[in-house]
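Q: I should like to learn how to read the surroundings of a ligand. Please begin with a single contact.

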Amino acid sequence: MRAFLGGKTQQLVSRVLFHPGRPSAAVRWRAAQVRLLCSSSSDDEKHRPSMLRHLTSKIKATGPITVAEYMREVLTNPVTGYYVKNDMLGPDGDFITSPEISQIFGELLGVWIISEWMGAGGPKQLQLVELGPGKGSLAADILRVFNQLKSVLGVASVSLHLVEVSPALSRIQAQNLTGTQNQEADSEDEPVYRRGETSTGLDVSWYRRLDDVPAGFSIFLAHEFFDALPVHKFQRTDKGWREVLVDIDPEKPDQLRFVVAPSPTLASSTFVQADEKRHHVEVCPEGGAIVQQLARRITEDGGAALIADYGHDGTKTDTFRGFKDHQLHHVLASPGSADLTADVDFSYLRRVAGGDVACVGPVTQRLFLKNMGIDTRLQVLLRSCSDPSTRQQLISSYDMLTNPSKMGERFHFFSLLHPSRIAKPKTSAGLKLEKKKSPAPLPVAGFAELSFS
Ligand code: SAH
């Protein structure tokens, strides 16, 4: 679909896309592949047995654990969790993500945010809330666009709110976004565990949970966040649906294995849909609860959420996997040394979001970025760049983000919007003489193609 955006939105898109920028800075990625780049340091090796020990003593004490509990412990255990103790992102880490590949990604999302803020009538307050901000690169690229479009944002009070479970990553985010202008809270019980200020004077706050982010008009971003949340796994058997659990291998006590629960669990009776056709399903209730909270906040306070991740629309079965040493890694081997992830089921998120909020997507990353004008942005950067190696890197990072066999079709964009944002203009049935029409809502950028004419 080709959509003509409002005049103001077109102008702001053009101002960002046609800004010459610094092409060399547009490329962060050097030579990587998606979710590859895993090099476990000797330090990781040292920590590995403690996670296994922790899990085996838990299983010995209370019996086999759910896959969701396994995933939660391995990734976010406050002492030995993979996310809590590692910096796993980027060329020297375990995997690479779109914002780390090219700053164009963040620039286009910055335009999306301002376009949605304008679509809501340009409220006086704009909270940008990012869930799982990694190194803070996406937020940094977005804030640069905000700065470029200062005159558009006018007197709106803009603030940045980061929901991050990892103290190690929060320190990296703070360094990237505020330099030394940040401080940890005095007590561990504070909902805001770190505060800072960017060089342009924007307040930044860090929270462990979304619940703690203050109410108000907000644009929420979640890039590769939902795939890190724990999933329950269920298997269809002759006796009905059974939950898949993690147990100690009786023949190798220092190894874990999957088992199928002999009888229904609370989760298997609650989470599998009555009309489910697949033989195996993964359900992420924590993701569902977060989407419900986003939906409630958007309906009550206005705003939008943009969720970008690996995903499917309720069709895939077993997607739980680990990544280590540039390879797929068995999810139960040396827990804590590798990233664990499961594809996001967008049909589940749509269902739990409820009817009060509007859902758009999922659309592929390729389509979303093309709709946002990535081709134009690439051409502008190439025009202002003569260095052959930087030109080559610009082209390869564009290819990585958009090529269907790379990230272009593996990643999807999905959005929750206030219902007024996409409501059809009201027609008054019965009043034949009614001439006045309310204006049609602006199309949602990224989900409809932009036009510059
Ligand atoms: N969005 C970033 C990072 C993705 S990795 C990017 O695309 O580059 C996942 C991020 O989510 C990390 O920052 C991790 O620490 C954070 N995270 C994982 N589980 C979390 C949870 N339950 N609550 C808050 N943050 C979480």
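A: A polar contact is a pair of N or O atoms within 3.5 Å. Here, a backbone N or O atom of Gly-132 lies 2.7 Å from a nitrogen atom of the ligand. The model is predicted: local features need pLDDT of at least 70, side-chain atom pairs count only at pLDDT 80 or more, and totals for chains, interfaces and linings use all residues. Residues are numbered from 1 along each chain as its sequence is written, and side-chain values use heavy atoms, without hydrogens and water.

Q: Which side-chain atoms lie close to an oxygen atom of the ligand, as His-223 does?

A: A polar side-chain atom of His-223 is 2.6 Å from a ligand oxygen. For Glu-164, an N or O atom of the side chain lies 2.5 Å from an oxygen atom of the ligand.

Q: How many residues surround the ligand?

A: A residue is near a molecule if one of its heavy atoms lies within 4 Å of it. The ligand is surrounded by 18 residues, and Thr-97, Gly-132, Gly-134, Glu-164 and His-223 are the closest.

Q: How is empty space found?

A: A probe the size of a water molecule, rolled over the atoms, shows where empty space is left. A pocket is an open set of points on a 1 Å grid over the protein atoms alone, where a 1.4 Å probe fits, with protein on both sides within 12 Å along at least five of seven lines. The ligand sits in the largest pocket, meaning that more than half of its atoms lie within 2 Å of the pocket's grid points.

Conventions. Polar contact = N/O pair within 3.5 Å; in protein donor to acceptor, adjacent residues only side chain to side chain. 1 Å grid on protein atoms, 1.4 Å probe; cavity = no way out; pocket = protein on both sides within 12 Å on 5 of 7 lines; lining within 4 Å.
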